[in-house]
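Q: I am new to this structure and would like to go through it step by step. Could we begin with the cysteines, and with the term that is needed for them?

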Amino acid sequence: MRSVNSSEFSKISYLDTTNLAGRIIPLHPCYHENGEWEMWIDHDGKLIPMRCCGVIDGVYWGKIKAVNSHQNLKFMNVAYKRLSFNELSIVINGIYNDILNLSCTFSKYDIYINYDSNRTALSRIISSELEFIFSTARSIFDLMQEYIRKLRERMINCNTNSKLPSIKKSFASIVLCGCRLVTKNEMILKYKIEDGLADCYAKHAKFFLWVRDIRDKIIHSPKNFDLIFAGEEGFSVLTRNRLFSDIEIWNEINTLRPNSLGSVKSLTAYIINKLMLMLDDFFSYFESNYQLPPDIAPKHNLFSCSPHIHHLEKLNSYMTTEAWYSKK
């Protein structure tokens, strides 16, 4: 896009490019309220319109959704509207792709429940899915920390009008001292981070430690998960298992009695939901406390679409009323 003359950007009706501040232009299509699409591409240094009939897997701008199942993700909205710097865009796309890959898990469960195989084979399949989920969740924390570190190199604190000090490269180094969770005040004193940012770290530190510990057990142990149960209602784990006993997800709906079998579907939804809350909390903090460049699409939101993204709006249902499948 650097070869395009800045006067060309005035053609785009849905973006405000008057103060880019070094950002790249997120030139995604826009869905208008009249049902029409607007899309521009670079051709020999000029922007030319291109016909667009819709977006199947990607992101787009709009005042309203083109399809009801498409999602307006808070963290993506802030990242694209206010922080589309090249080095940050690379990281946020990695986070977004990991979230999309996690959303696919529910579609795979739908396939596996009808899989014509013995229960032992299914247990091994679900075990491998859980291994993927915990490894990906750990990766998202690493990427979030990389994003924070790169963002702070650019930003000014709104409250102090001063540059932000550098920060550690790993999430673990902020929230842990050995295997102990550090307090919010310890983070502030040791790493010179702001009170609000320390709040975000402290709020999600316990979940991070749980994900990290399970992921490390998977990587460094010849066994992954001891027992995965496959039944007509779905897949389950023992909630009494020390890996899963301390999380706040289990309730009468997603737990089968008398054996205390917890829904794997609910467990998966819990992990993704906690990750989404973590991402939204950090990006809400950035938006409120850092001097970000102006909104590049002030009258529009960024919507995400993918064949499996509709599962993200059903996470609460998967932890309660849709924790299980109907018996055949």
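A: A disulfide is a pair of cysteine sulfur atoms within 2.5 Å. The model is a predicted one, in which local features need pLDDT of at least 70 and side-chain atom pairs count only at pLDDT 80 or more, while totals for chains, interfaces and linings use all residues. Residues are numbered from 1 along each chain as its sequence is written, and side-chain values use heavy atoms, with hydrogens and water left out.

Q: How many disulfides does a search of the whole structure find?
A: The search finds zero disulfides.

Q: Why is there no bond at cysteine 104?
A: The closest cysteine sulfur, in cysteine 305, is 13 Å from the sulfur of cysteine 104, which is too far for a bond. Cysteine 104 counts as partly exposed because its relative accessibility is 22%; the scale calls a residue buried under 20% relative accessible area, exposed over 50% and partly exposed in between, with a 1.4 Å probe and protein chains only.

Q: And cysteine 179, is it buried or exposed?
A: Cysteine 179 is exposed, with a relative accessible area of 65%. Its sulfur is 9.8 Å from the closest cysteine sulfur, in cysteine 177, and this is too far for a bond.

Q: Changing topic: how many aromatic pairs are there?
A: The whole structure holds 24 aromatic pairs. Rings of Phe, Tyr and Trp (its six-membered ring) pair if their centres lie within 6.5 Å; planes under 30 degrees apart count as stacked, over 60 as edge-to-face and the rest as tilted. One of the pairs is formed by tyrosine 31 and tryptophan 37, with centres 5.1 Å apart and planes at 55°, so this pair is tilted.

Q: Are those two buried or exposed?
A: Tyrosine 31 counts as buried, at 14% relative accessibility. Tryptophan 37 also counts as buried, at 17%.

Q: What kind of pair do tryptophan 210 and tyrosine 270 form?
A: Tryptophan 210 and tyrosine 270 form an edge-to-face pair, with 5.9 Å from centre to centre and 70° between the planes. This pair links distant parts of the chain, since tryptophan 210 is in helix H6 (residues 195–220) and tyrosine 270 is in helix H7 (residues 264–289), 60 residues apart. Helices (H or I, at least four residues) and strands (E, at least two) are DSSP runs, numbered from the N terminus. Both tryptophan 210 and tyrosine 270 are buried.

Q: What else does tryptophan 210 touch?
A: Leaving aside neighbours within four places in sequence, tryptophan 210 is in contact (heavy atoms within 4.5 Å) with Phe134, Leu243, Phe244, Ile247, Leu267, Tyr270 and Ile271.

Q: Which residues have the most contacts inside the largest nonpolar core?
A: They are Tyr147, Tyr201 and Trp210, in a core of 104 residues. A nonpolar core is a set of buried Ala, Val, Leu, Ile, Met, Phe, Trp, Tyr and Cys residues joined through side-chain atoms within 4.5 Å. The largest share of this core, 14 residues, comes from H7. Apart from this core lies another, of seven residues, among them Cys52, Val55, Phe303 and Cys305.

Q: Which ring has the charged end of lysine 265 over it?
A: That is the ring of tyrosine 325, with the charged end 4.5 Å from the ring centre. A charge sits over a ring if NZ of Lys or CZ of Arg is within 6 Å of the ring centre and within 35 degrees of the ring normal. Lysine 108 lies over the face of phenylalanine 132, at 5.1 Å from the ring centre.

Q: Now the sheets: in what order do S8, S9, S10 and S11 come?
A: The order is S8-S9-S11-S10, in an open sheet with antiparallel pairing. Two strands pair if DSSP finds at least two bridges between them. The edge strands, each pairing on one side only, are S8 (229–231) and S10 (255–256). S8 is joined to S9 by three bridges and by a hairpin through two residues. In strand S9 (residues 234–238), four of the five residues are buried.

Q: What is the order of the sheet that contains S1?
A: That open sheet has the order S2-S1-S5-S12, and its pairing is mixed. S1 (residues 30–31) and S5 (residues 58–62) pair in the parallel sense over two bridges. Tyrosine 31, already met in the tilted pair, has glycine 62 in S5 as its bridge partner.
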